[in-house]
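Here are a few notes for anyone opening this one for the first time. Have a look at the structure, then read through the points below.

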Protein chains: 2
Amino acid sequence: MSERRTDLVVVGRKPVLRYALAVLTSFNRGSTEVVVRGRGRSVAKCVDVVNTLRNSFYRDLRIEDVKLGTDQLVLGDRTVNVSFIEIRISRGGRS
Amino acid sequence: MSERRTDLVVVGRKPVLRYALAVLTSFNRGSTEVVVRGRGRSVAKCVDVVNTLRNSFYRDLRIEDVKLGTDQLVLGDRTVNVSFIEIRISRGGRS
């Protein structure tokens with residue numbers, strides 16, 4: 001099985017460990033890569049999730065790519081720009 | 001002059017535009033690269049700074065590298081882990 005399976009975990013308001021657990025579950029189910037995505041205030045939490053995984057669960061975690069950008073949200077009659085981050089991670093030993 | 005000059009802008013509690021201005025000033029003074037660094041809650045602000053620069057000032061801004069990690073802060077008798085981000089940017093047309 002050399003196919004690539006990428007999963008997406010969107011980080012929101014729940015505690016960091018919830019999202020870390022979601023990533024763990026995804027890897028255990030066979031994902032080769034997981035993209036951790038968050039926007040606005042959750043950007044910082046995304047970084048926390050990845051660091052928690054690296055420090056506590058996967059020593060061999062690899063950050064494949066980090067993408068930064070802006071989402072335009074339409075709220076009623078105005079548009080706001082919100083920064084987002086997408087961190088693509090994999091487990092080094094496996095790839 | 002093909003030497004490389006890298007400047008560091010540390011993002012803290014001031015408004016986003018302050019840091020964007022600091023980066024602008026650094027490029028105007030001849031830096032080839034600027035590292036925008038923040039930790040904890042400022043991680044999200046770092047991303048805002050880079051997006052503001054890209055959307056409003058430098059269309060040709062290039063994100064060279066993004067580094068994520070954990071700083072260990074000693075506060076009194078306990079140690080806390082704080083996530084940080086370092087975004088290395090350059091002006092595409094110049095390099």
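The points below go from the two copies, to the single chain, to two residues.

1. First, a caveat: this is a predicted model. Please read every value below in that light.

2. Start with how the copies sit. A turn of 180° with a shift of 0.0 Å along the axis lays chain A on chain B, and the RMSD is 0.0 Å. The two copies are therefore related as by a two-fold rotation axis. If you want to find that axis from chain A, go to A:Ala44, whose C-alpha is the nearest to it at 2.6 Å. Both copies use the same surface, too: of the contact residues of chain A, 95% recur in chain B.

3. Now the layout of one chain. Chain A has 2 helices and 4 strands, and from the N terminus they come in the order β-α-β-α-β-β. The C-alpha trace of chain A spans about 50 × 25 × 20 Å along its principal axes.

4. How does chain A pack? Of its 95 residues, 42% are buried. Take the contacts in chain A between residues at least 6 apart in sequence: 69% of them join residues at least 24 apart.

5. On the surface of chain A, about 5700 Å² is exposed, with carbon and sulfur atoms supplying 45% of that. As for charge, chain A carries 18 positive and 10 negative charges, and the mean positions of the two sets are 6 Å apart.

6. Is B:Cys46 buried or exposed? B:Cys46 has 0% relative accessibility, so it counts as buried, the cut-off being under 20%. You'll find B:Cys46 in helix 2 of chain B, which covers residues 42-57. Leaving aside residues up to four places away in sequence, B:Cys46 touches B:Val11, B:Val36, B:Arg37, B:Gly38, B:Ile85 and B:Ile87. B:Val82 is 36 residues from B:Cys46 along the chain, and their C-alpha atoms are separated by 15 Å.

7. Over in chain A, look at A:Glu33, which lies in strand 2 (residues 33-39). What is the relative accessible area of A:Glu33? The value is 4%, so A:Glu33 is buried. Which side chain joins that of A:Glu33 in a polar contact of 2.7 Å? That partner is A:Arg88. Not counting residues up to four places away in sequence, A:Glu33 also touches others, including A:Arg4, A:Arg5, A:Asp7, A:Phe27 and A:Glu64.

Note on methods:
Residues are numbered from 1 along each chain as its sequence is written. Chains are lettered from A and ligands numbered from 1 in the order in which they are written. This is a predicted model: local features need pLDDT of at least 70, side-chain atom pairs count only at pLDDT 80 or more; totals for chains, interfaces and linings use all residues. Side-chain values use heavy atoms; hydrogens and water are left out. Copies are superposed by least squares on the C-alpha atoms of residues with pLDDT of at least 70 in both. Contact means heavy atoms within 4.5 Å. Buried means under 20% relative accessible area, exposed over 50%, partly exposed in between (1.4 Å probe, protein chains only). Accessible areas come from the Shrake-Rupley method with a 1.4 Å probe; for residues, only the protein chains shown count as cover. Lys and Arg count as positive and Asp and Glu as negative; His and the chain ends are not counted. The place of a charge is taken as NZ of Lys, CZ of Arg, CG of Asp or CD of Glu. A polar contact is a pair of N or O atoms within 3.5 Å; within protein, one must be able to donate a hydrogen and the other to accept it, and residues adjacent in sequence count only if both atoms are side-chain atoms.
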